[in-house]
Amino acid sequence: MIRAIRHAAMAGVLLAPAAALAQELADTIYSGGPILTMNDATPSAEAVAVRDGKVLAVGTAAEVESHRGPETKTFDLAGRTMLPGFFDAHGHMLMGGLQALSANLLSPPDGEVTNIASLTESLRGWAANNADAVAQANLVIGFGYDPAQLVEERHPTREDLDTVSADVPVFVVHQSGHMGAANSKALEAAGITSDSEDPAGGKILRGADGQPTGVLEENAFYAALSKLIQPLGAEGFETFARAGAELWARYGYTTAEEGRSVPATADVLRKVADEGGFKIDVLTYPDVLVDRDYIAAHVSREYQNRFRVAGAKLTIDGSPQGFTALRDRPYYDPVGDYPPGYKGYAAATMEQTVAVIDWAFANGIQINTHANAEGASDMLIASIDAATKKYGPADRRAVLIHGQFLREDQVDSYKRLNVFMSLFPMHTFYWGDWHREHTVGPELVDDISPTGWLVKRGMRFSTHHDAPVAFPDSMRVLDATVTRRSRSGDIVGPAQRVDVMTALKAMTIWPAYQHFEETTKGSIEPGKLADFVVLSADPTAIDPETLDTIDVLATIKEGEVVFEAR
């Protein structure tokens with residue numbers, strides 16, 4: 001266990017050299033284990049001094065000891081490893097809170113659901129154990145099922161979910177967060193019937209009889225989820241926000257992101273922050289297709305009570321593993337009722353994409369764009385190219401989110417246009433085998449999440465977990481980026497693997513740069529915030545194949561321990 005010695009002995013202070021008294025004195029000195037700074041000038045250190053929530057000094061034990069005073073505390077790493085706190089490059093913290101409080105429908109290793117029967121049994125068990133919450137919300141909700149990991153290789157239907165309850169709405173969210181399934185009562189509550197039309201950028205799946213199967217994709221899914229959780233009210237969303245921030249801190253994140261909000265949920269985050277409800281920093285990107293005026297009125301580079309609106313979010317397409325991402329060619333072997341030559345579909349039109357990027361560039365607002373497959377990237381590249389020509393070069397840091405399926409020429413275009421790329425290497429673990437067999441096929445699967453292409457071009461990038469697509473498991477992100485080993489044990493794209501230090505930069509200093517926070521976060525340097533994570537082992541000193549066995553032991557935000565493993 002980590003040992004914190006609260007005060008230096010007075011005798012030690014009396015014997016301290018006079019030079020120490022002339023130094024600025026530290027509140028806390030961290031030492032006793034490897035310290036990886038993510039600062040290329042001094043990549044490692046023996047000790048770190050902190051004062052008033054900021055790094056005071058970094059160096060050898062002797063150098064840092066000169067900052068010890070009579071009230072200085074000691075944080076003994078006890079052989080453990082300290083790094084800068086992880087910076088969430090892209091996740092959905094509010095929805096992660098919902099995941100933390102709903103039925104776990106994930107498959108191994110994160111859950112126990114392997115077929116439709118175990119899925120419905122998990123829902124029944126959760127409902128029985130949370131009867132009061134179910135009665136209050138009039139909803140049974142589960143998170144994380146994945147047809148790719150179910151024996152049946154299909155979504156649950158409304159008939160399946162009716163076996164959980166015929167009287168209460170039951171709604172389950174696909175692991176991608178882009179689709180889900182509803183029982184008959186949930187469809188009724190969402191106002192979906194056989195006469196309902198597909199919304200733009202979404203689909204209501206139907207059986208041969210024309211009746212909804214219960215499966216909803218993209219905008220049809222989002223609309224139904226919004227209606228079903230609306231009765232929870234602001235208080236319910238505040239609970240999600242607090243639970244999400246706590247979950248992120250558990251995995252070593254000192255900055256969390258809600259990657260797509262709307263004004264109402266952004267206001268919930270602000271309210272929780274103003275009440276002192278966040279122990280870590282939280283930032284959000286409201287949906288630009290919902291309310292541009294809200295974004296323009298609230299966007300800021302400064303945190304207030306650990307919260308800020310950082311920019312705008314655009315979603316062009318959907319989920320690659322769920323076959324809703326927009327490709328530039330047909331899916332390899334999609335599982336389901338798809339027409340010949342099916343390429344997925346766009347959630348935003350080309351006209352919307354061009355207009356949004358133009359607005360962001362004209363107003364100096366950072367734009368994050370979800371573009372998973374090649375067709376979506378073609379839309380984004382064309383729009384950014386046009387806006388760059390119109391408004392000229394500037395440090396805008398437009399961000400590509402995900403980029404699962406990319407052509408190499410698209411990477412060249414993103415580099416030319418100074419687009420920061422935040423990739424999703426965890427797909428190599430969770431869906432690498434599925435992508436080989438069904439989405440892109442064996443010839444292209446090695447190039448999903450192509451971090452190697454970026455390294456070859458000297459590009460900074462970040463990696464993310466997209467929780468609640470999976471838990472915000474920092475060590476799973478690290479492991480997947482370095483090893484690219486799938487669930488079956490195969491290596492998905494050996495040439496796209498990167499070394500451990502590069503992978504760590506993609507979780508610390510580079511996402512700090514992505515969010516315009518590189519001068520205050522992302523590395524352990526004098527003047528930066530004392531945001532740290534303590535790990536059970538040094539990631540650079542162990543077998544890379546064991547990276548996913550490292551534990552987060554403590555998370556420290558501005559010198560205060562906000563999570564400690566028990």
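Is Lys557 buried or exposed? With a relative accessibility of 1%, Lys557 counts as buried, because the term applies to residues under 20% relative accessible area. The model described here is a predicted one. This report considers its salt bridges and then its cavities.

**Salt bridges**

The structure holds 40 salt bridges. Three of them are set out below.

| Pair | Closest N to O distance |
|---|---|
| Glu238 and Lys271 | 3.2 Å |
| Asp281 and Lys557 | 2.8 Å |
| Arg308 and Glu517 | 2.8 Å |

The side chains of Asp281 and Lys557 meet in a salt bridge. This pair links distant parts of the chain: Asp281 belongs to strand S15 (residues 281-286) and Lys557 to strand S23 (residues 552-557), 276 residues apart. Asp281 counts as buried, at 3% relative accessibility, and Lys557 is buried as well, at 1%.

Arg308 forms a salt bridge with Glu517. Arg308 is part of strand S16 (residues 307-309), whereas Glu517 sits in the loop between helix H21 (509-514) and strand S22 (532-535), so the pair ties together parts that are 209 residues apart in sequence. Arg308 counts as buried at 2% relative accessibility, and Glu517 is buried with a relative accessible area of 3%. Through shared partners, salt bridges join Asp281, Arg306, Arg308, Glu517, Lys521, Asp531, Lys557 and Glu558 into one network.

A further salt bridge is formed by the side chains of Glu238 and Lys271. This pair also links distant parts of the chain, with Glu238 in helix H10 (residues 233-250) and Lys271 in helix H11 (residues 263-274), 33 residues apart. Glu238 is buried, with a relative accessible area of 10%, while Lys271 is partly exposed, at 38%.

**Cavities**

A search of the whole structure finds two cavities of 30 Å³ or more. The largest cavity contains about 70 Å³ of space. Its lining consists of 13 residues, of which Ser176, Asn372, Phe424, His427 and Asp466 lie nearest the centre. By class, three residues of this lining are nonpolar, nine are polar and one is charged.

The second largest cavity contains about 40 Å³ of space. Gly85, Phe87, Thr254, Thr255, Lys521, Gly522, Ser523, Leu529 and Asp531 line this cavity. Two residues of the lining are nonpolar, five are polar and two are charged. Lys521 and Asp531 appear both in the lining of the second largest cavity and in the salt-bridge network that includes Lys557.

Conventions: Residues are numbered from 1 along each chain as its sequence is written. This is a predicted model: local features need pLDDT of at least 70, side-chain atom pairs count only at pLDDT 80 or more; totals for chains, interfaces and linings use all residues. Side-chain values use heavy atoms; hydrogens and water are left out. On a 1 Å grid over the protein atoms alone, a cavity is a set of points where a 1.4 Å probe fits but cannot get out, and a pocket is an open set with protein on both sides within 12 Å along at least five of seven lines; lining residues have an atom within 4 Å of a point. Grid points are joined across faces, edges and corners, and a volume is the space filled by probe spheres set on the points. Ala, Val, Leu, Ile, Met, Phe, Trp, Tyr, Cys and Pro count as nonpolar, Asp, Glu, Lys and Arg as charged, and the others, Gly among them, as polar. A salt bridge is a side-chain nitrogen of Lys or Arg within 4 Å of a carboxyl oxygen of Asp or Glu. Helices (H or I, at least four residues) and strands (E, at least two) are DSSP runs, numbered from the N terminus. Buried means under 20% relative accessible area, exposed over 50%, partly exposed in between (1.4 Å probe, protein chains only).
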